[in-house]
Structure formats: C-alpha cells, structure tokens
Amino acid sequence: MNAETKSGCCGHAAAAVSKRSGAAQPDAIYTCPMHLEVEQRGPGTCPLCGMALEPKEISLDDGPNVELIDMTRRFWVGAVFSLPLVVLVMGEHLFGWTVLPAFWSSWVQLALSAPVVLWAGAPFFARGWSSVRTRNLNMFTLIALGTGAAFLFSLAATVLPGVFPPAFRSADGSLPVYYEAAAVIITLVLLGQVLELRARERTGSALRALLNLAPKTAKVLDEAGKERDLPVEDLQPGDLVRVKPGEKLASDGIVVKGESAVDESMLTGESQPQHKTFGDRVTGGTVNISGSLVFRTEKVGRDTLLAQIVNLVGEAQRSRAPAQRQADRVAAVLVPLVVLTAVVSFALWMLLGPSPAFGYAVAAAVSVLIIACPCALGLATPMSIMVAVGRGAGLGVLVKEAEALERLAQADTLLLDKTGTLTQGRPSVVAVEPLQSGNENHLLQLAASLEHHSEHPLGIAVVEAAEEHGLSLLPVTDFKAVPGKGIEGTFGALDLHVGSAAWLAELGCEATALKKEADAFEAMGQTVIWVAQDRHLAGFIVVADALKQTTAEAVAGLRKDGLEIVLVTGDTAPVAEAVAGALDIEKVFAGVLPAGKADIVKTLQGQGRVVAMAGDGVNDGPALAQADIGIAMGSGTDVAMEAAGITLLKGDLKRLLLARRLSRATLGNIRQNLVFAFLYNGLGVPLAAGLFYPLTGWLLSPMVAAAAMSLSSVSVIGNALRLYRQHL
C-alpha cells in the first residue's frame, strides 16, 4: 500500500519539537488520522479510507498545506463550472426555459462538466480505484462509481445516441443526460474535503501554541560571567542561564543564584506564583515575575517538560482519531452489492432483454449505479452534524469536532479542572480582617497602596478590590520587594509591610491575635496576606480563586444527568478538597501535573468509561486531547480550545448540559437519516435493475433514478433541519 508501519519509520517523538514544516518537507513522515498504522514519507492519501494523510511532526515554521491548496483550487474550478450548468439544467427542468436545443444543450453540458469530472474530481477517482485495488471499499468508491456512471452514460447519450432504445427517450426524441448530477456531487464532495482539511489543520495549532511558550533565545553565562544570547536549540545540559523579571525560562534546570516568584500556571494551571531560590527546580516555558535568577540547565530540547507536554497532546490527538464513518462501514458492504447488481443487471438484459439489448443493459446498469450514489447515505451524518453545530453556536456551544458532539451523549464520566473551569481563574479578595473592627477600608487602602507598586497577581487582586470599593491609593515611597517574603514601603512617616506571617514575625510583629481566624481561611485553601504598620499588626486580607456563580447549579445538573463528576487539579489537596466539598464532588485528584491528568483519563478509559474532560489551561491540553470528549472554557487559553472538541462560550458549565441534550437529539436524528438512506437504497436498487419488469413492466430510467436520488437527499436534509426547532 506504499506505506510503512510505525516500527519502520522514524524513531523520534510523534509531535517532536522541530523547525521543519511537515507540509513543506516532501520526506516528512505522514500518517492517517483514522488508521495510525499507515505511515509514509511525504503527503498522500490513506490506502484504507482515502483520507488525506497528515504530518506526524509539528513545527514552528508552518509551511503551506499542499493538500488544502490543491483541494481549494479544485473546489473553485468545480463551483465556477457547476453553477452555470445547474442554472441551464434546472431552468429547463423546473421552469421550462429552452435556452438551447436539446442537441446543443448536451454538448454545452459536456463542455461545462468535463473540467469538473475529469480534473477537479480526479483525486476521487484515484481514491476510488485505490479502494478497489486494495479491497478497502469506502465512500470514495461509491462517489467514483456514481459520478463516473452518470458522466459516462451522459457521454454515450451525447456521442452515440443511436444505441439507446425509444423507452429511454423524451417526447422530443432526445436522451436525458446527467452531467449536472456528476458535476454537482463532485463539487459538494470537494467542499467537504476543504472544510475537513481546514479543521484538521487547526488541530496542529494547539501544539504550535505550546511550542511558542518557550523563548527563542537564552542569556547564557560563560566562565567569566559574561552574557551572550544563544538560540534555545543550541543549549546544552550544564549551561548557566540568566532570566530577568518578565522573561520566560528557556529550559528545565536548578536555580543556582537569586530569588524570584515564578508563574507556573502553564504547568499547574494555578495562578499563584511559586517562590524559587537556590536549589529549587524550574521548568522551561514558565515566566519569571519579580527577581533575577541564574539556573543550571538539566533538560533541553525534546527532553524538557514542555516538549513532553507537546508529545502528549500530539499522541493523544492521534490516539483519539475519528471513528470510521458509519457511511464507510456501510459502503464496505453496499459497494460490492451495488456493483454485483449492476453487473448482473447488464448481463441479464443482454441475454434476455428486448432489442436493442445493449441499450437496455447499459441503461439498467447505469440506473443502478446512479440510484446507489451516496448522496443520501453521505448526507445522513454530516447534515445532522452541520445543523447541530449551528444550533449549538446559538446556544453558546462551539463544536470543532463532530465526533465530540456524537460521543457527548455516551459519556458517563466528567473530569473537571478547578482553576478557570469551576472557579473564576484569577485571585480576588474574599475577606478583609482588621485587628480593630470597622477599619476594613483603611486596611485595604494601606495594602493596596503598597501592592500598587508590585506586579504579583495577589497584589493586583488587592488593588482591584480597593478600586471596587472606591478607595484612593496613598503615595508610597521607598518601595522594596523582598522575594519569598513580601513588600515594604513608606507613607509619610508610616512604615508599611505586607507579606507572610513568618516575615512579620522576623520584623518583631506577632500575628497571634488573629491566628485562629487566619487558620480557618487557610484550612479552606485560601491565601492570607498580613499587613503591618510601624511593625504593629493591622490585620490580614484573604485572597482566593472564587467559584463562578453558575458552577454549583451546573455541577448538580450534570450529576443528575447521569455523569460521575471527578475533580482533577494541579492545586494542593486542601484547596481541592475545599472546592470539592462546596460542590459535593466525592472523587478528587490534587497536585496533578499535565501528564498525570492524561494518565487519569487513560486509566478511566481502560475501565470502559467514556470520559469527558473540561478544562481551560495549557496544563489541561494533554488530558483534553486524550479524553473521548474534550471541553474547553471559552474564557481559557487558545491551547485548551485547540486541543478540545467543544468550547463553551464564556466558560459557563451550564452550557454543557445543553450540549449534552443537543448531542442526544443529534444522534437520534442521524439514526433516522440512515434509515431513510437504507430504505431508499433497498427499494431503489432492485427497481433500477429491472427486477419488476417481467411482472409489472416497470422500468426505471436513469432520469427517474437521478430524480429519486435527489429526492432521497431532500428527505435527509429536511429531517436534519428539524434539529433547529427541537426542544432541548
């Protein structure tokens, strides 16, 4: 099949960090998203299902997608030639417009349809032939047979009209032709291919977004302590790298000098920065917030944790390749039956049919192939999905992958990330506790005036709270940040300190007076910020990531709908358990890293569960891709939304309930459409073959077969449109 197995290809990771573009490299390894065992060098189509192959490696330099460019060009050519063809033919059929005499009309239609069928549709005929040669019959087999039969029959009717019997002629003696059917079918299939390729191209953007989290260069120190900028890919284990405030860390390593707060939200999903000092481990892609750090690199390039996350997302996306389309499974059985029926019909009409036997035989065989053309069967699933996607968009549910919408109704387990999914995703002030009652605004004003000079997320939350209360900020001088401890400054003759209880104790300011109250907040996983003036305790401010207003109602509704709810978070156990307790969630996994989240999904899938995962951060990407249904919060990161199949606008979990009901309605609609398609083929094919001719004299001409084919498509489309009006 001109393809290699996995073991015989490349040894590097499936979504390796690379500067090459798979789309631009003819020797890159490509694989089929449906059949992972199919791999080959360079782009092409899968010999098993006919889908376009996609590159295994994801790169930062995104070259042009040759397949998408080619299919787009073919689609526009098909559309340009098909449109006047449809106007010409439909004008004659529906309105009786006689633009051209029948003889010339056939030749004009041939001229318009030939570029569409012979050039624009050439890939489908190649795929159809490949499916026959490899004995893997699929939708492209039916498309090639149906459109090929319609075009060849029409060509024969135009060039050799004398071989057809009078029964197949119109009242004016002309023969019907089906050029427009062949051209329109090919154009519509090309449109489907363009949309599919565009959607599949977007899946790689999640991995490219991850790769872009790493800086392009690093400040490496030589033996003399001099800095030089070095490309990240040239880093070696043991290099000393300096990171200034606001910069990203270039690789994984250990701090050898300096102190700072580091934003590790891309790793843990939690917004609170982590204090780093000598001997602490740091991770590439995280952001240095306050102080300057020097760290010794340990893991570089493909060995970094960020690269491993990229690999996890890439592997999970492929492992969750779309299930074989129902139409393709049916085609594997239907195609040989249709071909056999056409061949037998041709043979019987040649042997037993009236004169001219050849004309009857050709007409019967072509009628069978035309009426079996996969319009209704091919439209059964995508039409329902398309309507459901439009309905979902109106409900605030964006569906990127049809499979996710189909499987959502079957889910029995829902994994929920905490930060940004259940909570607001950013810290906010939830309590102000002054030492002296009634001084809440004064305490908040002092803290905010000092925090205004800090870039720490907790400090920003304090400043925002002061602004919400309409408090003016005091002019602070001599501001200083003490890494890992807090901040200090002066207002007039007043010394201000904001930070941890341990730091205030070092300054001689004991916090025992409010310790009991503070312990109660910390037991719920909330952060306590202590405030002192002139080294005397003024009180404390509590900052936490509060639950969204709709979270409790949404979780209760999803549980009632039959889903087992599981909380999976990178936050600490006390915080996770406090949130779980507030929402009556019994199963909790805390302190989980990105790979761990994906492993939990795999474990549940191994137990036979159909797992949905909802998250909003970079760290959720591997789990969202691994899950049977990935659900991203619209207020979250681009990485999460690209890795997920469904996005909830405004990050409202209540919309997930609507999405689940829509999913059930869509599955029911698809089943109804498939019944229509099966009944149509089951009744139409024997009639087209002439099975009832000896008893009733019924003979289905190709013209009636084409009309029946169109009618079956209309019935499927009409049924799918009912989803717009269905109550959810």
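**A surface patch, an open sheet and a distant pair**

Let me begin with Trp107, whose place is in helix H2, the helix that covers residues 102-120. Please keep in mind throughout that this is a predicted model. Trp107 is partly exposed, since its relative accessible area is 34%, and a value has to be over 50% before a residue is called exposed. Together with Trp104, Val159, Leu160 and Val163, Trp107 makes a nonpolar surface patch of about 480 Å².

From there I would like to turn to the sheet. Seven strands form an open sheet with mixed pairing, and their order is S15-S27-S26-S25-S16-S23-S24. At the edges lie strand S15, residues 397-399, and strand S24, residues 587-589, each of which pairs on one side only. From one strand to the next, the twist averages 20 degrees. If we look at the S15 edge, S15 pairs with strand S27, residues 646-648, in the antiparallel sense over three bridges, and Val397 stands opposite Leu648 in S27.

Which strands does helix H18 touch as it packs on the sheet? Helix H18, residues 594-606, touches strand S16 (413-416), strand S23 (564-568), S24 and strand S25 (611-615), and its direction makes about 170 degrees with that of S16.

Finally, there is Leu348, which is found in helix H8, residues 326-352. Leu348 is partly exposed, with a relative accessible area of 45%. In sequence, Leu348 and Gly690 are 342 residues apart, whereas in space they are 9.7 Å apart, C-alpha to C-alpha.

Conventions. Residues numbered from 1 in each chain as written. Predicted model: local features only at pLDDT ≥ 70, side-chain atom pairs only at ≥ 80, totals over all residues. Heavy atoms only, no water. Pairing = 2+ DSSP bridges. Helix = DSSP H or I, 4+ residues; strand = E, 2+ residues; numbered from the N terminus. Axes fitted to C-alpha atoms, helices over the stretch in contact; angles between N-to-C directions. Contact = heavy atoms within 4.5 Å. Patch = residues over 30% accessible without salt bridge, like charges linked within 9 Å, V, L, I, M, F, W, Y side chains within 5 Å. Areas by Shrake-Rupley, 256 points an atom, 1.4 Å probe, with all protein chains shown as cover. Salt bridge = Lys/Arg side-chain N within 4 Å of Asp/Glu carboxyl O. Buried < 20%, exposed > 50% of the residue type's maximum accessible area, 1.4 Å probe, protein only.
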